[in-house]
Amino acid sequence: MNYAFQANESIKRKVVIRVAGMVLALLSAALGYIIFLELSHLNKQATFNLQEQAQDLRNNIDQRIEYLRENTLRLAQNKLLINAFIDDKERSKYLLPLIENFKSDKNINHFSLVDFDGRVLFQTDANTPTFEDSQELRLSLNLLQTVLYFDKMHNEVVMIIPIKYYATTQGAIVVAYDIAPIIAQYDTPQAMSYTKVFYKGSEIYGRNFNPNQKYFVLPYVDTHPALVSFELEMGIPNDHYLQPLYTQATWLGLLTLLILGMVYYFAYFLGTSITRPITMLYNRVNKSALDGVESHYVSLGTHDELEVLGYAYYTKEKALDELNKTLQLKIQEATAQLESEKNRFMLAIEGTQDGMWDWNLKTNALFFSERFETMLGYDAGELPQNITAWFGLLHPEDKIRTEAVVQEYLASKGTQHYEAIFRLRAKDGTWKWILGRGKAQFDPEGNPERFVGFNTDFTQQKEYQEKLDHTAKHDALTHLPNRFLLSELLEHEMHVVKRNHTHLALLFIDLDGFKEINDTYGHGAGDVVLSTVATRMQQLIRESDIIARLGGDEFVIVFSDLSNNSEVVPLLQRLLNDIATSILHDGKLLHVSASIGVSFYPQEENIGNEALLRQADQAMYYAKLAGKNQYQFFNLDASMELKENQHYISELRHAIAHNEFLLYYQPKVHMKSNRVIGLEALLRWQHPTRGILTPESFLPYIEHDAAFMIALGRWVFETAFVQLEAWQEAGLTISLNINVSAHEVQQHDFVEGLQALFARHATIKPASIEIELLETSALENFELTLSILQQCQALGISIAIDDFGTGYASLHYLKNLPMNTIKIDKSFVIDLLYASNSLSIIEASVGLAHAFDATIVAEGVESQEHGKMLLQLGCEIAQGYAIAKPMPAQQIAPWIASWQGYASWSHVKLITQEGRTALYASIEHRNWINQIERYLRKESAQLPQMTHANCHLGRWIAHAATPKQRKHPAFERLTSDHEALHAFANTLLLQEELNPDETVAQLHALREKILTAIEEIVFTS
């Protein structure tokens, strides 16, 4: 069969011919009817009357719309409306009353404010149309002109007026008017006529129209269009002026009905013949779709497009059937693959032995995996599937912290990482340590929807970690706290008693006769003694007290919360009695006693925990000297000081005889260039039991023993020269500073001894040696000291005055003293960042060094910021922990090779006279922050000046800053940041509970912003 398209058999051709025939027949009948009546005269009269009515109505409509447009323009220029357009608060508060007032008596349907993209910012009716793709809105905004048009969908006149704010188009006001009341208001009521209003061919208004009547109609179009173009149609009923003609027209009407009946019958016959094949095709397609059974093609017999369509449908049906089979196979394959992936995922979860949870944050429903429940000892499905049940399992001590971690993660909208460690209650009542990890899913607005994660049993790792912590901080034999843990506990107790205004007693206990037991009966017996004594002491103290073993046979007990120091006396006697009680071991009675030293806290001077421990240690030593098995309170009276000095001198003589002394070396650098320019030799005592000791711990006992000091000084010089010579042979050329005492420098043979030393070490040049003398030592026997130092300079040796500023030297002595270097004492340098008086001393010292043509060196540089401020003051050479701690000789060369310095130091500029006041203000600002921090940590009850205008920095901002500094861009930022800091600090003081560490960190952040602004003002203005 040939299904090719035949133009002469087209459906289009059939329909066109048949419909054209029907229309032609109707038009011919109407034309004959009009010609037959000859109504030209009536036509003209009716036309004239209707035209007058239409013109009046049109003028009134135009005037009303013009009036509404003018009122809308005034509204668009209202400042309240403009402010409400750009301000959500103004809009919600003032706009609605304004619009309600405007709407009254003005035929307004609805009112909208839209932005430049047509999004609605405000509307009076929730059903108001949107304007996101409005050509009229774009036209109005582009031309900045009012646009009116008629919305046919809603029968409304829509007026769009751009809103301008400071010459910038912000959006538009859109007002819609109801056209029907406007027309009804001005339409002259005449029962004899009807009125219709059209817009672009569609009727928008009508009155007095009776569909059962026939009318003489006047379509009226105004030649002067209104603001919105309307078309008016007015008509008069035919029976009003054609009554005499009705009889004559009756027979014509009957004939017309007959013709219409024939036309209808003919159209029905033609329609049936045209739609028959379409119906057949529809039935075939519908049956095929309902039955789902493949059908064979049967011809429609039309030989047109329908025949082609039918065959095409059959072909497509066959193709779709084949496609359906292919898709079914692919769905089966995809289902199998998905099931495989699901099995693999479940195996992976089971392999990790982790419990999975899935929390629906909208419904609070919570899914637990089987492993989640069995991990806690529950059966699968035993736990309720909701978040309340999960939080109910949490340990009471972990609830607040764990909930805070969850809320913090959800508030971060997934930018952070959720991980938390907490305890969950198992079914048997025990607690399991759990490591939780997870990730949340958020909707486009950032609201959390779903939270999925895994729980890992962390109990074994936690218990092992706690065991390691306990081992690291406890003695293995007695299980008492060791020295490390004691230091933490003691420091905490010292803070508590100081805050509560109570007292604390520290007992340093050393067992008498313990070494003999170890030597006679072995270490096993010694361990029994130590354990027994530890148990006895634990039974005597309160639960709140602290007992620790330092090592060997040394113990420490801390009695806290004492109302006065005398409360400890009865406890001391009981301790002596219990410790001295015999101990039975392997049938033998073992006897030990105790020597106890006692120190108290707080004291008149603020001391640290190590100093308190040393005091008790010294008091214990006094108890030993006094005959053992007794206690002594720490008290440095003259007799005991002499005994201690004698003991230390004996130990020190033994130390120098047995080579227990050694030298450490601390680098000295030029901060501007980060070059290492020298080393200082520092004495250390490698004590056989107390480890490495610094000179401060032993020199005070022998500083009046001239012979020993001279012998020790000679050892220092010899050892330093040997080491310097070794460095030079290794290719390291560097200068060396050596400290000397007043006893040494005042020896008549001091210079001869140096000459002999240079002779023995010929490779060392005097220019590489600088001797350091304390300022106070230089003033003793000034004339002799002056002569010897001048001789040293003559040899080529440099002279340095150490700890400058701590003595009482007058300028008279200083100007005559031969010195090449002035070393600022570290006590001033350490306080430099927080004490303006230290800054003044350093500034004065730099000035003196320049006046005496001497090099200035700062000791005690402990931070990069210390070095930066010293450079601003003109001091370029320094040593301290920020550079390097003192170290053994073998570490010096590798350290020098690795030293990089601080890049920031190389860019520091000298402070100008104009910037000095700002620098002092920054120091006082640091001190202000420090006082606030101490108050928040309850370390001080004194507050600094809390009014921003009255603190030191506030007074500088208000009165001391120069006009040039005030014009700097950072000055305004400094002022606002300073006021914000004071406001924040005052807010903190009103809070009953706060986290000191968190608040102090915020204070430090604000402090750094202010210091940065001051630095910008000082160095760039």
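Proline 602 is found in the loop between strand E20 and helix H18 (609–625). In this predicted model, the peptide bond leading into that residue from tyrosine 601 is cis, with omega near 5°. A second backbone feature worth a look is leucine 144, whose phi is near 55°, a positive value in a residue other than glycine. Leucine 144 sits in the loop that runs between helix H5 (135–143) and strand E3 (147–151). As background to both cases, most residues other than glycine have a negative phi, and most peptide bonds are trans.

Strand E20, which precedes the loop of proline 602, also takes part in an open sheet of 5 strands. The order in this sheet is E16-E17-E15-E20-E21, and the pairing is mixed. At its edges stand strand E16 (546–551) and strand E21 (631–633), each of which pairs on one side only. From one strand to the next, the twist averages 20°. Within the sheet, strand E15 (residues 503–512) and strand E17 (residues 554–562) run antiparallel and are joined by 7 bridges. Isoleucine 509 offers a handy point of entry here, with phenylalanine 555 as its bridge partner in E17. Helix H17 (residues 569–580) packs on this sheet, where it touches E15, E17, strand E20 (593–601) and E21. The direction of H17 makes about 160° with that of E20.

Helix H17 has a helical partner as well. The axes of helix H16 (residues 523–540) and H17 come within 10 Å and cross at roughly 150°. With angles over 145 degrees counted as roughly antiparallel, H16 and H17 are therefore roughly antiparallel to each other. The crossing of H16 past H17 is right-handed. On the H16 side, the meeting residues are Val533, Arg536, Met537 and Leu540, and on the H17 side they are Arg574, Leu575, Asp578 and Ile579. Sorted by class, the residues of this contact of H16 with H17 comprise 5 nonpolar, no polar and 3 charged.

Another open sheet of 5 strands has the order E11-E10-E14-E13-E12, this time with antiparallel pairing. Strand E11 (366–368) and strand E12 (418–425) each have a single partner strand, so at these edges one side of each is left without a neighbour in the sheet. The twist in this sheet averages 25° from one strand to the next. Edge strand E12 is joined by 8 bridges to strand E13 (residues 431–442), and the two run antiparallel. One pairing to pick out is that of isoleucine 421, whose bridge partner in E13 is leucine 435. Helix H12 (residues 399–411) lies across strand E10 (355–360), E12, E13 and strand E14 (448–457). Relative to E12, H12 runs at about 150°.

Two further helix pairs can be described in the same terms. The axes of helix H21 (residues 706–729) and helix H23 (residues 750–760) come within 11 Å and cross at roughly 25°. That angle makes H21 roughly parallel to H23, and the crossing of the two is right-handed. From H21, the contact draws on Phe717, Glu718 and Phe721, while H23 supplies Phe750, Leu754, Leu757, Phe758 and Arg760. By class, the contact of H21 with H23 has 6 nonpolar, no polar and 2 charged residues.

Helix H29 (residues 864–873) and helix H31 (residues 913–936) pack at an angle of about 155°, and their axes are 12 Å apart. H29 and H31 are therefore roughly antiparallel to each other, and H29 passes H31 in a left-handed crossing. The residues in contact are Glu865, Met869, Gln872 and Leu873 of H29, together with Leu919, Ile923 and Arg926 of H31. The contact of H29 with H31 divides into 4 nonpolar, 1 polar and 2 charged residues.

Aromatic rings complete the picture. A pair of aromatic rings is described by the distance of the centres and the angle of the planes. With ring centres within 6.5 Å as the criterion, the count comes to 13 aromatic pairs. Among them is the edge-to-face pair of phenylalanine 111 and phenylalanine 122, at 6.4 Å centre to centre and with 65° between the planes. Phenylalanine 111 belongs to strand E1 (residues 108–115) and phenylalanine 122 to strand E2 (residues 120–123), so placed 11 residues apart in the chain.

Definitions and conventions:
Residues numbered from 1 in each chain as written. Predicted model: local features only at pLDDT ≥ 70, side-chain atom pairs only at ≥ 80, totals over all residues. Heavy atoms only, no water. Axes fitted to C-alpha atoms, helices over the stretch in contact; angles between N-to-C directions. Helix = DSSP H or I, 4+ residues; strand = E, 2+ residues; numbered from the N terminus. Parallel < 35°, antiparallel > 145°, perpendicular 65-115°, else oblique. Left-handed = near helix turned anticlockwise from the far one by under 90°. Contact = heavy atoms within 4.5 Å. Nonpolar A, V, L, I, M, F, W, Y, C, P; charged D, E, K, R; others polar. Pairing = 2+ DSSP bridges. Phe/Tyr/Trp six-rings, centres within 6.5 Å; stacked < 30°, edge-to-face > 60°.
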